[in-house]
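User: Please take a close look at one part of this model, the nonpolar patch on its surface, and then set that part in the context of the rest of the chain.

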Amino acid sequence: SRIKSLRDDIEMFQMGLSDSYHPLSNPNGYLVMLMAENKLMLSELNEKIESIQLNDDDDDDTTNRLPNWVFGYGDFGGEIEFKTAIAKNVMERFTKNA
């Protein structure tokens, strides 16, 4: 038997992503309406966040630049940097005295 997904729209969502609408190259493609990411403003958002970080930190260190995946949907399985950070935190918090 097939396990029911928690979201019944995932299959359609993935189909829409794989066959995206474009007025010239794919006029019969899908227009995905349930996305909240804003790829058009990526550079402006990143600049704004960096300027806030620099004002708050009192130094010119830009090594903490946010990765681009922060501004949109990443891998459905989770981004490796995030999963690694969570795993490290869990190990530090819950296995200290084990």
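Analyst: Ile-86 is a suitable place to begin: its relative accessibility is 42%, and because this value lies between the 20% limit for buried and the 50% limit for exposed, the residue counts as partly exposed. The model is a predicted one, and within it Ile-86 sits in helix α3, which covers residues 80–94. Together with Phe-82, Val-90 and Phe-94, Ile-86 makes up a nonpolar surface patch of about 420 Å². As for confidence, α3 has the highest value in the protein, with a mean of 90, whereas the lowest is found in helix α2, residues 42–57, with a mean of 79. Over the whole protein the average pLDDT is 79, and 81% of the residues reach a score of at least 70. Where pLDDT is low, the predicted coordinates should not be read in detail.

The wider setting of the patch is a protein with three helices and zero strands, in which the elements follow the order α-α-α from the N terminus on. Of its 98 residues, 10% count as buried, and the area that the protein exposes comes to about 8800 Å², with 56% of it supplied by carbon and sulfur atoms. Among the contacts between residues at least 6 apart in sequence, 31% join residues at least 24 apart.

Two loop residues give particular cases of positions that are separated in sequence and can be compared in space. Tyr-73 belongs to the loop between α2 and α3, and its relative accessible area of 47% falls short of the 50% that exposed residues must exceed, so Tyr-73 is partly exposed. Leaving out the neighbours within four places in sequence, Tyr-73 has contacts with Leu-34, Met-35, Ala-36 and Glu-37. For one of these, Ala-36, the C-alpha atom is 8.5 Å from that of Tyr-73, although 37 residues separate the two along the chain.

Lys-39, by contrast, is placed in the loop between α1, residues 10–18, and α2. Its relative accessibility is 65%, and because this is over 50%, Lys-39 counts as exposed. The C-alpha atom of Lys-39 lies 7.3 Å from that of Gly-72, and the two residues are 33 apart in sequence.

Key
Residues are numbered from 1 along each chain as its sequence is written. This is a predicted model: local features need pLDDT of at least 70, side-chain atom pairs count only at pLDDT 80 or more; totals for chains, interfaces and linings use all residues. Side-chain values use heavy atoms; hydrogens and water are left out. Patches are made of residues with over 30% relative accessible area and no salt bridge: like charges are joined within 9 Å, nonpolar side chains (Val, Leu, Ile, Met, Phe, Trp, Tyr) within 5 Å. Accessible areas come from the Shrake-Rupley method with a 1.4 Å probe; for residues, only the protein chains shown count as cover. A salt bridge is a side-chain nitrogen of Lys or Arg within 4 Å of a carboxyl oxygen of Asp or Glu. Helices (H or I, at least four residues) and strands (E, at least two) are DSSP runs, numbered from the N terminus. Buried means under 20% relative accessible area, exposed over 50%, partly exposed in between (1.4 Å probe, protein chains only). Contact means heavy atoms within 4.5 Å. pLDDT is the predictor's confidence in each residue, from 0 to 100.
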